[in-house]
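Hi everyone, and thanks for making time for this. Please have the sequence and the structure open while I talk.

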Amino acid sequence: KWYTQPADPVVAEWYYDGMYDYNYPKDPRERAKRVKLHVRQYATIEQCYDQILELELDHGIRYDEIVRLREDAFLFTPIRPLHELYEGAEGPMPDMITNDCENWDGINDKGALLKRSAAETYFRGPMRAMYVDKGSIDSSELRNGEGFIRAVLQDEGNLNIVQDLELFAVAPLRPACAMGGHPCLKVLREQCFERVIKEFPFPLCQFFDVTQKEISSGIEGAGKLHYKRGASKELRQIISAN
């Protein structure tokens with residue numbers, strides 16, 4: 001079923017205050033726009049769970065495991081079910097696995113493989129924490145959306161989460177590069193993904209063709225990570241200094 005995201009969602013003040021990572025816009029209006037994108041995603045994820053319940057009710061079943069992927073996700077390797085991955089393993093099977101690359105000290109939000117028993121916490125937890133009960137979540141320790149997801153699922157939800165690229169290799173795939181028109185992988189930490197991206201024909205995305213003028217004017221896209229791949233050494237130094 002199609003779901004229309006809320007166009008202008010209300011953001012809890014404590015959540016807005018917690019989004020202070022260095023690459024977030026400093027302008028309050030621009031930062032509010034970015035944070036509202038988080039809420040729109042959380043609302044969509046919650047709707048996914050409602051549809052899972054409908055499917056289970058319609059077919060008289062209960063799923064054992066669930067895979068959730070963002071619509072722009074690219075899988076480098078096939079997804080193996082949790083019960084296969086951990087068959088014969090010592091210790092308990094985790095509640096959830098996800099990619100450890102680009103988790104920004106939290107939990108990567110591009111997708112996850114999880115037990116059915118963890119589904120309600122995963123899909124409904126963010127919205128419940130945002131608007132109903134944030135529990136002991138401390139906004140000063142969040143920094144970004146990934147930090148919030150970690151706090152909801154791991155700290156408050158007590159889920160046993162394994163973050164491992166080898167088990168869940170996923171990254172966003174953009175329709176076209178800034179130059180060339182071919183699909184490209186949005187990967188910022190190349191070294192983390194190196195062992196999987198080398199086997200695929202997609203180039204890495206070119207984010208911004210940053211100029212000295214744009215940097216001087218304080219363009220938000222000129223953060224330390226968001227520069228045009230292949231930029232000159234001089235330009236990289238300028239960006240890092242700003």
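Let's begin in the loop between helix 5 and strand 5 (161-163), where you will find N158. What we have here is a predicted model, so please hear everything I say with that in mind. N158 has a positive phi of about 55 degrees, although it is not a glycine. With a relative accessible area of 62%, N158 is exposed.

There is another residue of this kind, D105. Its phi is near 65 degrees, again a positive value in a residue other than glycine. You can find D105 in the loop between strand 3 (96-98) and strand 4. Is D105 buried or exposed? At 54% relative accessibility, D105 counts as exposed.

Now let me zoom out for a moment. The chain has eight helices and seven strands. Of its 242 residues, 40% are buried. If you take the contacts between residues at least 6 apart in sequence, 64% of them join residues at least 24 apart.

On to the interior. In soluble globular proteins, nonpolar side chains tend to be buried together. Here the largest nonpolar core has 35 residues, and those touching the most other members are Y15, M96, L114, F123, I137, F148 and L153. Which elements give two or more residues to this core? They are helix 1 (13-18), helix 2 (28-59), strand 4 (111-115), helix 4 (119-131) and helix 5 (145-156). Helix 2 provides the largest share, with seven residues.

Let's pick out F148 from that core. Leaving aside residues up to four places away in sequence, F148 touches W14, Y15, Y42, P126, A129, M130, I137 and L142. Apart from this core lies another one, of 12 residues, including F74, L165, L185 and V187.

While we are in this area, please look at G147, which lies in helix 5. G147 is buried, with a relative accessible area of 0%. Not counting residues up to four places away in sequence, G147 touches G106 and L142. The C-alpha atoms of G147 and W104 are separated by 7.5 Å, although these residues are 43 apart along the chain.

Next, the aromatic rings. How many aromatic pairs are there? The count comes to 10. One of them joins F76 and F193: this pair is tilted, at 6.0 Å centre to centre, with 45 degrees between the planes. F76 lies in the loop between strand 2 (73-75) and helix 3 (82-85), whereas F193 is in helix 6 (residues 190-197), so the pair ties together parts that are 117 residues apart in sequence. Both F76 and F193 are buried.

Another pair is formed by Y122 and F123, and this one is edge-to-face, at 5.1 Å centre to centre, with 80 degrees between the planes. Both partners are buried: Y122 has a relative accessible area of 7%, and F123 has 1%.

Rings can also gather in groups. W14, Y15, Y42 and F148 are linked by ring pairs into a cluster. W14 has a charged partner too, since the charged end of K134 sits over its ring, 5.3 Å from the centre. In a similar arrangement, the charged end of R34 sits over the ring of Y24, 3.9 Å from its centre.

Let's go back to helix 6, where we met F193. The buried residues of helix 6 are F193, V196 and I197. Where do they lie around the axis? They cover an arc of only 80 degrees, which puts them on the same side of helix 6. As a reminder, an α-helix has 3.6 residues a turn, so residues three or four places apart point the same way. What covers these buried residues includes strand 6 (170-174) and strand 7 (184-185).

That brings us to a sheet. Three strands form an open sheet in the order 2-6-7, and the pairing is antiparallel. Strand 2 and strand 7 stand at the edges, each with a single partner strand, so one side of each has no neighbour in the sheet. Strand 2 is joined to strand 6 by three bridges. If you would like a place to look, A73 stands opposite P172 in strand 6.

That's my tour, and I'm happy to take questions.

Key:
Residues numbered from 1 in each chain as written. Predicted model: local features only at pLDDT ≥ 70, side-chain atom pairs only at ≥ 80, totals over all residues. Heavy atoms only, no water. Core = buried A, V, L, I, M, F, W, Y, C linked by side-chain atoms within 4.5 Å. Buried < 20%, exposed > 50% of the residue type's maximum accessible area, 1.4 Å probe, protein only. Helix = DSSP H or I, 4+ residues; strand = E, 2+ residues; numbered from the N terminus. Contact = heavy atoms within 4.5 Å. Phe/Tyr/Trp six-rings, centres within 6.5 Å; stacked < 30°, edge-to-face > 60°. Lys NZ or Arg CZ within 6 Å of the ring centre and 35° of its normal. Arc of directions from axis to C-beta. Pairing = 2+ DSSP bridges.
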